[in-house]
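Let's take a relaxed tour of this protein, with a stop at its aromatic rings and another at one of its sheets. Keep the 3D view open as you read.

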Amino acid sequence: MLYSTNYFYNNIYVLESIVNNYRQYHNTWDEMFTKEGSIRELYSEFGSYLESVPIENLNKMQEFSKQFFMNQGVTFTVYNNKKGVERIFPFDIIPRIIKEKEWKIIKSGIKQRIKALNFFLKDIYHEQFIIKDGLIPANLIASHPNYIREMRNVNVPKNIYTHISGVDLIRDKDGEFYVLEDNLRTPSGVSYMLENREITRRLYPKLMPKKKVLPIDNYPQLLYDQLKTLVSIDNPEIVLLTPGLYNSAYYEHSTLARLMGVELVEGSDLVLKNHNVFMKTAGGLKKVDVIYRRIDDDYLDPLSFNTDSVLGLAGIMEAYRQGNVVIVNAPGTGVADDKAVYTYIPSIIRYYLNEDPILKNIKTFQLSNTDEKNYVIKNIDQMVVKKTDGSGGYGMLMGKSASKREIKDYIKKIDLKPENFIAQPTLSLSTSPCIINNELTPRCVDLRPFAVFGANGISVCPGGLSRVALKKGSLVVNSSQGGGSKDTWVIKDD
């Protein structure tokens with residue numbers, strides 16, 4: 001039994017179990033416990049392990065993980081924090097466990113989704129058949145802020161736009177996974193996934209091999225190998241382009257560059273010569289073949305986009321159009337992961353692949369539709385309303401927890417530009433046990449698996465980043481909003 005409190009009863013020393021004290025959220029799927037309160041078979045061995053370890057030891061393990069992340073510099077940046085922007089990434093030591101059988105469905109669904117979205121991107125930047133056939137409104141694409149006209153009729157290398165993707169999944173009260181959103185521009189979080197596995201391996205050196213956890217350590221090599229397939233030379237020069245030290249994901253940029261064995265560069269490290277990109281080195285200029293960029297489209301090329309940008313390289317888009325350099329992900333992919341386009345993805349999958357979606361979308365209301373807008377406002381206390389271009393958990397209205405004043409102010413924003421908002425019913429995100437304040441207590445989680453698309457096809461890293469809403473009752477898992485993360489174990493089937 002897992003011990004939390006020691007006390008005497010009739011002169012007998014009693015050890016109270018914090019497993020027995022675990023209180024699930026109402027009407028919510030719990031990853032470790034059934035509705036009846038018993039430990040799921042998938043967690044049986046881990047449950048037995050927990051029952052053999054005093055809470056003091058678990059607290060020490062939690063403290064060890066904090067120290068580990070501090071020593072490793074595993075941080076993220078919060079720009080709106082007045083007290084200081086740099087924080088250690090919170091980590092909970094209880095892993096989230098998924099069956100391989102269930103994972104195979106997730107993996108197939110992600111591959112299907114990315115394949116269809118890639119066809120969609122190629123189409124809207126070329127023939128635009130899906131618009132001509134009336135499945136996607138022309139104005140949705142034409143007026144989209146992430147639709148880059150400079151990409152019209154550009155033939156991208158290997159016809160791949162979405163090289164690196166992070167697809168956010170949630171599990172509803174029915175236990176089924178749903179896609180919350182697609183991240184196709186510069187998805188982040190993979191380095192935290194790798195560090196989570198490293199610390200978990202140290203915390204559970206005997207349990208992990210016994211549980212046959214599928215490995216994720218090869219992700220940097222997998223990414224490197226896939227990037228190599230984008231060009232037709234044997235040893236291409238690959239660089240990772242970062243905005244710099246003060247970017248919120250700089251830790252990830254530097255970690256991935258180191259693990260892949262490629263140069264980490266800023267815009268000032270690159271020069272353009274005869275429509276080719278070169279990197280400055282101590283030995284002179286070296287031609288660059290593939291750029292894994294971690295800067296947004298707007299800052300990529302001051303000649304084509306934001307003229308004030310000093311983060312990218314002037315003229316890089318012309319080099320790209322001429323086929324002299326590969327940019328990963330392709331410019332303009334943001335139009336496919338927009339929250340307004342999200343509602344059409346089941347139709348996009350059927351249109352390009354002639355298949356039914358493997359993973360379901362969440363019911364979504366387009367507020368540009370008057371009837372849907374009126375329905376949402378009438379039921380706004382049961383809705384989550386989001387800006388179509390929002391990210392990081394910012395700009396949302398959680399109707400269930402918002403005050404009347406907050407709702408009134410938000411409706412005013414909707415009325416000004418309803419096309420900039422979508423709404424979804426408030427879902428009961430699944431929960432996973434966490435060690436918080438000497439208790440085993442549930443917290444809401446989502447899952448971001450990472451996929452890499454190269455000439456060899458689409459590969460999905462087994463597991464991904466499980467993000468945790470560490471605040472009690474919160475549905476917001478973003479690190480910038482007080483969230484943390486867990487290691488995700490995909491257990492090999494016997």
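## Two stacked tyrosines

Tyr192 and Tyr251 are both buried. Keep in mind that you're looking at a predicted model, not at an experimental one.

A pair of aromatic rings is described by the distance of the centres and the angle of the planes. The structure holds 15 aromatic pairs. For Tyr192 and Tyr251, the centres are 6.0 Å apart with 20 degrees between the planes, and this pair counts as stacked. Where do Tyr192 and Tyr251 lie? Tyr192 belongs to helix 6 (residues 190-203) and Tyr251 to helix 9 (residues 250-260), so this pair ties together parts that are 59 residues apart in sequence.

## A pair inside one helix

Now find helix 1 (residues 44-51), which holds both Phe46 and Tyr49. They sit 3 residues apart, or about one turn of the helix. Their rings form an aromatic pair too, this one tilted: 6.0 Å centre to centre, with 40 degrees between the planes.

Is Phe46 buried or exposed? Phe46 is buried, with a relative accessible area of 0%. Tyr49, on the other hand, is partly exposed at 23%, because buried means under 20%. Phe46 and Tyr49 also have company: together with Tyr204 and Trp489 they form one aromatic cluster.

## Charges over rings

Aromatic rings can have charged neighbours as well. Which ring does the charged end of Arg40 sit over? That's the ring of Trp29, with the charged end 4.0 Å from the ring's centre. Likewise, the charged end of Lys363 sits over the ring of Phe365, 5.0 Å from its centre.

## A sheet with open edges

Phe365 is a handy way into the next stop, since strand 16 covers 365-366. This strand is part of an open sheet of 4 strands, in the order 16-19-17-18, with antiparallel pairing. Why do strand 16 and strand 18 each have one side without a neighbour in the sheet? Strand 16 and strand 18 (397-398) stand at the edges with a single partner strand each, so one side of each is left without a neighbour there.

Further in, strand 17 (residues 383-387) and strand 19 (residues 421-425) pair in the antiparallel sense over 5 bridges. To see one partnership up close, look at Lys387, whose bridge partner in strand 19 is Phe421.

Finally, pick out helix 14 (residues 404-416), which lies across strand 17, strand 18 and strand 19. This helix runs at about 45 degrees to strand 17.

Technical notes:
Residues are numbered from 1 along each chain as its sequence is written. This is a predicted model: local features need pLDDT of at least 70, side-chain atom pairs count only at pLDDT 80 or more; totals for chains, interfaces and linings use all residues. Side-chain values use heavy atoms; hydrogens and water are left out. Two strands pair if DSSP finds at least two bridges between them. Helices (H or I, at least four residues) and strands (E, at least two) are DSSP runs, numbered from the N terminus. Contact means heavy atoms within 4.5 Å. Axes are lines fitted to C-alpha atoms, for helices over the stretch in contact, and angles run from 0 to 180 degrees between N-to-C directions. Rings of Phe, Tyr and Trp (its six-membered ring) pair if their centres lie within 6.5 Å; planes under 30 degrees apart count as stacked, over 60 as edge-to-face and the rest as tilted. Buried means under 20% relative accessible area, exposed over 50%, partly exposed in between (1.4 Å probe, protein chains only). A charge sits over a ring if NZ of Lys or CZ of Arg is within 6 Å of the ring centre and within 35 degrees of the ring normal.
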